Amino acid sequence: MRLFFIICLALCLQNAKAQDFHYSYNSIDATLIENADAVVRLDEMFVEIPAVDQIIVKNKRVVTVLNKKGDKHIHARAWYNEGRKVKNIQAIIYNAEGVEIDKVKEKDFKDVSAVSGGTLYSDSRVKYMEYTPTQYPYTVVFTSEIMSKNTGFVPSWYFIDGYRVSVEKSVFRVTYDGSVGILNKEYNFNEKIINKSKEGDLSYVAENLKAIKYERLSPNSRNFFPRLMVAPKNFNYEGYIGNTGDWRTIGKWMYDELLENRVELSESTKKKVKKMVSGVDDVKEKVKIIYKYVQDNTRYISVQEGIGGIQPIKAIDVDRVKYGDCKGLTNYTKALLQVADINANYTRVYASRNNQQDIDKNFPTFLGQTNHVILNVPIENEEDVWLECTSQIMPFNFLGDFTDDRNVFVITPEGGKIIKTPAYINEDNYKKTEAVYTVNERGDISGDIIITTKGIQYDDRFYLEEKKEEDIIKQYKDYWKGINNLKLNKHEFSNDRDDVVFTEKVKLEATSYGTLSGDRLLFVVNAFNKNTSVPDRYRNRKLPFEIQRGYLDEDEFLVRIPENYTIESFPESKDIETNYGKYSISLELQEGKKSILYKRSLLIKKGMYPKEAYADYRDFRKQVARAENSKIVLVKAK
Amino acid sequence: MNNSIKLLGFFLLVSYGLTAQNVKFGKVSKEELLETKYEKDTTASALVLYRNLSLNYNYSQNTGFDVVTNVRERIKIYNKEGFRYATIRERLYKASSEEESISGLKAYSYNIENNEIVKSKLKGSDVFKENVSKYYKEEKFTMPNVKEGTVIEYEYQIHSPFAYSIDEIFLQYDIPIKKQEIRIATPEYFSFKPNMKGYLLVIPKQSRKSDKIIFKSKTRNNNVTSYDYNTQDYIVDVVEYNMNNVPALKEEPFVNNMNNYRSSVNYELQYVQFPRQTMETYTTTWESVVKKIYESDNFGGQLKLTGYFKKPLVEIIKNASSLEEKLGVIFFHVQGHMNWNKYYGKYADLGVKKAYKEKTGSVADINLMLVAMLREVGIDANPVLVSTRSHGVPMFPTNEGFNYVIAAAKIGDNVILMDASNKYTKPNLLATRALNWFGRLVKKDGTSYAISTFPKKLSREICMMQLNLNENGDLEGKMRKTYTDYNAYVFRNKNGSTSEDDYLENLENENNGMEISNYEIENKAFIGKPIMEKFDVSIESQADVIGDKIYFSPLFFNTKKENPFKLEERNYPIDFTFPWQEKYTVNITIPDGYKVESIPESIKLGLEDNIGKFVYNIVAKGNQLQIVVDLKVNSAIIPAQNYLGIKEFYKKVIEKETEKVVLSKI
């Protein structure tokens, strides 16, 4: 009898703890474990838009974490601010068998300001779960509910939301009132995603999506991860009612509601502007003068509060404090130009140096596709001028890799339109390295180098002139890290901001650059612009690859050798031409065989290539890398 | 602690303004505005023209003493890099019922326009307040109208109800300070000891003055209210730090925490004594600091709890007979059972009992539990208070000096240090974050003594290679690597949760073009043992084939090519974390049809004070070459005065390792 009682008690205890066998590790299909650090068992988002000024987003996310690296896929967090409320957040943790082991209640979530480093103030905050796993695998069931009156922005749905994570089931549903309406667009869909939508109810389900492993040079994941973009036809933003549907209308709405009355300036500032441009006839020249004034007098400080999330601070306020974020500074520049009778257009863009990202021209949405603002200035009978108003040092009409070559949303008084920004392609991104250097009998070198850069390569280097002396020296030691014991004797910069050309003149020396072996002295002839990077090898590459930026480097080095040495051998000239670029080197004896002229050029072409071509590209870079290390051998004259 | 003082040892001279000149708020001169660089440091992006910090105790009958700190700074901005000094953030502490606050903010920017001084005022609406966490909020603002050449000036008062503590006052910034006047006035009731740190020689000026408190008391008698006034006189101790031309603190690489070297003064409360009350003593010496920590329920109290582990402990030690064995099984039990929740701290976070039950806890939960268990089985075990590398070196006895606790055990004459909060530590191998100068070992009676946490044993990385070189310069062969102690610890922390495929792919890609097969690893998870890797390797173009000769550096892809020490000079010690040895033994078979024409010379190099040693030995015999290269650094920390020596040492090591063997066609 007693035994029975104990067994009974044990069973009761077992039952007292919730157990959900559905979440046990063993129930995961083996194909979902391959290449995965975590398995999303269920990711379910229900969006309700019962009225134009009401949105409720309910999320349930169940993730089984397989190892330490999988912790980051839990996503047990919720962002909120004044107008965006969070409630009912909770997380329950299960062990590998699916037995509940812990519960994190709303009050135990950490509540912190969600401000990034460059922001002075923002009212956005985040609640997140802090949990120390005691075992792997384990499963977290996270639920949250978010409510807002601002309905303009419905998050895109990623059926698979990262590398190294697989998905058992992903459900996305939007129910909406007829007065709101919805637009949606599918990207990179496959047969595993099923559309179950009906009137007033947008609904998608995907099951068993395998984990994808990241591979070097993979294109932006947006371009091949299945994703759904959604936008309400009619929306509310802080009391302003607008509608999506076409870029013209959204743009018109933004102009009328958010921009029109923000350009007023004080009389004294107006006078100042007029004085600045008086006597100047050329419109472009006027723009240039005003842009320079903005650059010299303002700085970037980000403050995000309430409607400030999308509306610029008034020009008159920026004029008073002389700082602002991208919206404020762009609007300020626009206001100053207006005083000089020049019309300029506030322009929204998705800015990113890497993973350049476009607005989808065919899917007009409110703000969902952009994160930054620049200024577009149309000039009669000429190409438009583009201004980056947050930088104090960017040359006039130069966008750099932050915003070049992509669709942007230009907002004019008549409405919005999509335009592509100018692109810097392949040969535009140019670097020339010219050097004269001498090797002595100990292998030490000394020389003069001139580096000239244009296009995006200019963008990579021109900031040097703003750096402190000690940082400049550090930068060069890093730039030429292959040269040990490097000593910089002199450097001189000239920055031609009109033609966007940066020139560096450097004088340097380094001991033991060459190596001595008995009577011989060996050294790598390409001392100052060696490109030996070879992309990683994959035993079995799965993804296509993309070269996002092309460039052209040209070099000319004159190498002088010591008096008592003769040249025993030097590398052969070489020409390699492939789909991905061109490489050539040539060497020529000069000055009675006491010097060698080395010429090199490397062109890498922008492009998207299938995975089958990867080995071929890698082979090209290997050949280049090998040639870059080729040496000159000197031998002591007997 | 003596040792640390010696290592940090030399002082920079700054001059001291003896007479305080009156720098009036708002009186910014044209000269200040027109200046384009600071003569004494032309690389400075901004300069503090004048700084005044004055701290006073105020008495209020309702709330007692509070601390008012008046802050005033005038800063010149030279260039765009200096713009960030135009943004001011003041961190304010909160406790359950009281919090610090700011008042009286005045701030202006000054610019020259058309040869006129133009002043712009900071508006109240441009000041932001933010609740950062449970413990503090932040008040911040950025100045209006800032451009290259602007001078900004601001002033405000911080009110703190926390009269028992004064925040550390920095005497040195990342930008130079032309003139600063710092004045700390404390009433005799609070006895503080100022502790100086850093490289600046600071001479405080001390004085005393008197002050009084007037107590007002009200009595009501038959509808007549009368007031009585009582006066209490007391002495105020004033310390002034008046300094001119304070240099900027400049970053250097291989320093674990720059703040260790920043000059500052830290006021440590020693005792509080109000009239007609007994003296309350606070920390004064390391002994008393430690005693106070020890007496806390969240420290010493945790060591007394034993009930929660009594039962499991019987099971854990059932097969262990000697004390050493018991120590081993208990350590590995705690390490395996517990999961660190990423919190440091010397006090228990969840409490040992709850932590043990939930299998998760802070460093203190885990290591105090370890000490208690070791004591339970009769081992002489004690907690050791330490400061982590990121926390800095505790140079003066303060409660805040320690932020971490480890365990120590004495068996026979051996002292064993332990940290069970990381999954890859072992007895006498601590988590690297805890390797920071000295800790304080606390005995059962609350007394304590200093104990070094620096590892003395060399952590080794030993590599043996058997390689065949072909006439194209390609290599193929076998490799065997062994990692001991900290090298194994680092390896396990880095690769512990990486799959073998990913690890190998990484390894191949780090050594461009390498292909690895037949990979085997031993003791990857066996914490007590060294890690051993064995694999076949092939890698292309490792030698230059030029004409009828072949040139190569005999360590091939293991050759050191870059000197980590690039700067011309250095002020601060070099921190290697632990002493180490790297040894390569390589046997090379040269291609058929070639003979060895020349080989580098064998050498031995030493560093002064036996800090480091380098041996390079090469022998050629027929078609075989054998190379042994052995590099050692015997000390975790190397004083700055050895910098040039070690830089030169590395230079020679690299020159030697990159030297070529020359083969020629027969």
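Before anything else, a word on domains: the bounds I'll quote come from an automatic or database domain assignment. And please keep in mind, everyone, that this is a predicted model.

With that said, let's start with chain B. The assignment splits chain B into domain 1, covering 2-282, domain 2, covering 287-452, and domain 3, covering 459-665. I'd like to look at the first two of these pieces together. Between the C-alpha centres of domain 1 of chain B and domain 2 of chain B there are 38 Å. Where they touch, domain 1 of chain B puts in nine residues and domain 2 of chain B puts in eight. Which elements give two or more residues to the domain 1 side of that contact? They are β11 (190-197) and β14 (264-272) of chain B. As for the character of the domain 1 side facing domain 2 in chain B, there are seven polar and two charged residues, and no nonpolar ones.

Now over to chain A. Chain A has 638 residues, and 37% of them count as buried. Its C-alpha trace spans about 105 × 80 × 40 Å along the principal axes. In terms of secondary structure, you'll find nine helices and 39 strands in chain A. Here is another number for the fold: take the contacts in chain A with a separation of 6 or more, and 72% of them join residues 24 or more positions apart.

Let me zoom in on one strand of chain A, β9, which runs over residues 138-148. Strand β2 (residues 54-65) of chain A pairs with β9 of chain A in the antiparallel sense, over 11 bridges. If you want a spot to find on your screen, look for A:K60, which stands opposite A:T143 in β9 of chain A. Strand β4 (residues 84-94) of chain A also pairs with β9 of chain A, again antiparallel, over nine bridges. There, A:K85 stands opposite A:M147 of β9 in chain A. A general reminder while you're looking: in a regular strand the side chains alternate between the two faces of the sheet.

Finally, how do the two chains meet? On the chain A side 41 residues are in contact with 44 residues of chain B. Which element of chain A gives the most to that side? That would be helix α8 (residues 469-479) of chain A, with three residues. Sorted by class, the side of chain A that touches chain B holds 18 charged, 13 polar and 10 nonpolar residues.

Thanks for listening, everyone!

Technical notes. Residues numbered from 1 in each chain as written. Chains lettered and ligands numbered in written order. Predicted model: local features only at pLDDT ≥ 70, side-chain atom pairs only at ≥ 80, totals over all residues. Helix = DSSP H or I, 4+ residues; strand = E, 2+ residues; numbered from the N terminus. Buried ≥ 20, exposed ≤ 12 C-beta atoms within 10 Å, placed from the backbone. Contact = placed C-beta atoms within 7 Å. Nonpolar A, V, L, I, M, F, W, Y, C, P; charged D, E, K, R; others polar. Pairing = 2+ DSSP bridges.
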